[in-house]
Amino acid sequence: MDFKKVVQARHSVRDFSDKKVSPQTIKNIVQLAQQAPSWVNSQPWKVYVAQGQSLQAIKTKFLENETAGKKADPDFPTLHREDWSEETQANMKQWRHEIVHYFENFDEAHATMTAASDALNYAPTILYLTIPKNSSAWSVFDLGAFAQTLMLAAKDQGLDTIPTYNSVRYPAAVRNALQIPDDETLAVGISLGYAKDTHINGFRSKRVDVDDILKFN
Ligand SMILES: Cc1cc2nc3c(=O)[nH]c(=O)nc-3n(C[C@H](O)[C@H](O)[C@H](O)COP(=O)(O)O)c2cc1C
């Protein structure tokens, strides 16, 4: 696919079909993602594939935790909404507003998004990305480049993705199921698969005007 088309076609899919992704396809996508730049070529990333029984084990434990009211405990701490900068808070508020508008009412938006989220977006595969525990912020930067290259490579192969906080909110469950060593930080899960043709997948997040973020001096 043409580069610009790939970039424009990638978007977060929240409802995947159960069509499986072959190990060779996963390998090809991850191999392409390895072309991402990193600090002194440190390549701090690792990818753990959850599918079949391991993914089911994660889902079962997440549901158990959720039902027991267990607090989320992600390896990367989250910030309270009020602690984000004013502009980023405004963008997030606008995004929530657009979702509600897309579903036409708050209750439906909330119910559909929550159901998708609780089911880890029904994805047949989640790629879990880690970096070493004692990493610098630069490795987080590198992992971001790796993740985006991976998602674009997936799109180029006709696959869809969504990176989620939601899939790493109970890291112990993921670590157990995938045998992730304690000296690695679980950063994010990227759901991978084929999008269903459903309403939720028709939603597109907008972007601010380029002149609001691009500064020529
Ligand atoms: C680190 C990260 C975590 C995210 N976590 C979630 C999540 O838990 N649930 C969700 O529905 N979307 C999640 N998203 C997707 C964002 O909402 C989405 O990327 C943003 O709205 C832009 O939309 P697009 O990806 O469709 O272009 C996450 C995105 C990133 C980069």
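**View 1. Trp95 and the polar contacts of the ligand.** In this predicted model, a polar side-chain atom of Trp95 sits 3.0 Å from an oxygen atom of the ligand. Two backbone contacts join the picture. Asn166 brings a backbone N or O atom to 3.1 Å from an oxygen atom of the ligand, while Pro163 places a backbone N or O atom 3.2 Å from a ligand nitrogen atom. On its own the ligand would expose 620 Å², and the protein buries 65% of that.

**View 2. The shell around the ligand.** Take a moment to find the residues here: Arg10, His11, Ser12 and Arg14 are among them, as are Trp95, Ser205 and Arg207. The run Ile162, Pro163, Thr164, Tyr165 and Asn166 also belongs to this shell. Sorted by class, the shell holds four nonpolar, five polar and three charged residues. Which strand gives the largest share of the shell? That is β3 (residues 160-164), with three residues.

**View 3. Strand β3 and its partner β4.** Now follow β3 into the sheet. Strand β4 (residues 184-193) runs antiparallel to β3, and five bridges join the two. One position to look for is Ile162, which stands opposite Ser191 in β4. Ile162 is also one of the residues around the ligand.

**View 4. The whole sheet.** Stepping back, you can trace four strands in the order β1-β2-β4-β3, forming an open sheet with antiparallel pairing. Why do β1 (46-51) and β3 each have one side without a neighbour in the sheet? Both stand at the edges with a single partner strand, so one side of each is left free of a neighbour in the sheet. On average, and ignoring direction, neighbouring strands of this sheet are turned by 25 degrees against each other.

**View 5. Two helices against the sheet.** Helix α3 (residues 52-67) packs on the sheet, where it touches β1 and β2 (125-132). The direction of α3 makes about 85 degrees with that of β1. Helix α6 (residues 137-156) lies across β1, β2, β3 and β4, and α6 runs at about 155 degrees to β2.

How values were computed:
Residues are numbered from 1 along each chain as its sequence is written. This is a predicted model: local features need pLDDT of at least 70, side-chain atom pairs count only at pLDDT 80 or more; totals for chains, interfaces and linings use all residues. Side-chain values use heavy atoms; hydrogens and water are left out. A residue is near a molecule or strand if one of its heavy atoms lies within 4 Å of it. A polar contact is a pair of N or O atoms within 3.5 Å; within protein, one must be able to donate a hydrogen and the other to accept it, and residues adjacent in sequence count only if both atoms are side-chain atoms. Accessible areas come from the Shrake-Rupley method with a 1.4 Å probe; for residues, only the protein chains shown count as cover. Ala, Val, Leu, Ile, Met, Phe, Trp, Tyr, Cys and Pro count as nonpolar, Asp, Glu, Lys and Arg as charged, and the others, Gly among them, as polar. Two strands pair if DSSP finds at least two bridges between them. Axes are lines fitted to C-alpha atoms, for helices over the stretch in contact, and angles run from 0 to 180 degrees between N-to-C directions. Contact means heavy atoms within 4.5 Å.
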